[in-house]
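Reader: Please explain how the terms used for this model are justified.

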Amino acid sequence: MIYKNLQGVPEFDCIEYEAKKTKYCLLIPILNEGERIHKELRRAKEVGVNTLIDIVICDGGSTDNCADDNILRELGVNTLLTKIGTGKQGAQVRMGFWWALGRGYEGFITIDGNNKDSIEDVPAFIARLDEDYDFVQGSRFIKGGKAINTPFVRWLAVRLIHAPIISITAKKKFTDTTNAYRAYSKKYITHPSVQPFRDIFSTYELLAYLSVKASRLGLKTCEIPITRQYPKNEKTPTKIKGFRGNNLLLKILFENARGKYDV
């Protein structure tokens with residue numbers, strides 16, 4: 001089914017492999033992740049994550065076989081959403097939130113589809129949502145978390161620049177603010193002062209904005225430990241590349257601190 005002409009949501013196609021089964025859903029944005037997303041889904045299936053939460057792939061228009069229907073069905077995916085309209089990561093997440101709200105989910109967990117994060121920790125996010133937390137940030141930098149093979153420049157950027165500025169903006173300390181492994185309550189996403197369904201959230205703006213808005217609204221927030229492991233002696237799996245990508249991230253960071261995305 002194709003959804004189009006939506007306010008603040010890109011046009012997208014939806015293929016539901018199964019009906020809604022769980023209270024929350026796991027949204028996984030992907031774009032040409034190749035075998036990485038398949039490995040991640042196999043790990044999830046091995047520990048039964050797909051039986052605890054509906055897994056929804058938010059594809060940005062992959063041209064490899066990573067979003068193959070037969071493979072996704074076999075690996076326990078509930079639904080495939082494929083973005084047709086404009087926008088990048090932020091548009092994929094908006095697409096996922098909008099569809100998931102319409103399907104009646106009460107909370108949403110997001111995780112990258114490049115097999116870096118400990119998808120086995122999904123039950124810990126579910127537990128926090130059940131405890132009425134509105135925003136749960138996964139962190140490799142708190143007690144119990146693990147940062148494995150993190151590129152040194154990236155470690156410096158997160159620890160010394162990104163996390164401190166997000167924390168100041170949020171008026172609460174967060175330690176792993178570029179990490180998209182998170183949980184959000186329906187209460188947060190539908191709060192009238194949030195309004196995530198805006199075209200201004202095209203790339204990484206929504207990630208930064210949602211990092212700070214919950215605390216500023218007085219909603220219930222926390223961090224929980226996760227593991228993020230970069231592959232050793234391999235090319236770093238990331239969509240943020242080179243000077244241009246990092247410059248964009250910094251620009252968004254400071255625009256967010258100035259309140260550009262507030263309503």
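**Helix crossing and cavity**

Author: The crossing of α6 and α8 is right-handed. This is a predicted model, in which local features need pLDDT of at least 70, side-chain atom pairs count only at pLDDT 80 or more, and totals for chains, interfaces and linings use all residues. Residues are numbered from 1 along each chain as its sequence is written, and side-chain values use heavy atoms, with hydrogens and water left out.

Reader: Why is the crossing of α6 and α8 called right-handed?

Author: A crossing is right-handed if the near helix is turned clockwise from the far one by less than a right angle, and left-handed if anticlockwise. The axes of α6 (residues 152-170) and α8 (residues 205-216) cross at roughly 35° and come within 8 Å. Axes are lines fitted to C-alpha atoms over the stretch in contact, with angles from 0 to 180 degrees between N-to-C directions. Helices are DSSP runs (H or I, at least four residues) numbered from the N terminus.

Reader: Which residues of α6 meet α8?

Author: Ile166, Thr169 and Ala170 do, against Ala208, Ser211, Val212, Ser215 and Arg216 in α8; contact means heavy atoms within 4.5 Å.

Reader: What makes a space in the model a cavity?

Author: On a 1 Å grid over the protein atoms alone, a cavity is a set of points where a 1.4 Å probe fits but cannot get out, and lining residues have an atom within 4 Å of a point. By this rule the count is one cavity of 30 Å³ or more. The largest cavity holds about 100 Å³, a volume being the space filled by probe spheres set on grid points joined across faces, edges and corners. Of its 13 lining residues, Gln89, Val93, Thr110, Tyr184 and Leu207 are the closest to its centre.

Technical notes: Helices (H or I, at least four residues) and strands (E, at least two) are DSSP runs, numbered from the N terminus. On a 1 Å grid over the protein atoms alone, a cavity is a set of points where a 1.4 Å probe fits but cannot get out, and a pocket is an open set with protein on both sides within 12 Å along at least five of seven lines; lining residues have an atom within 4 Å of a point.
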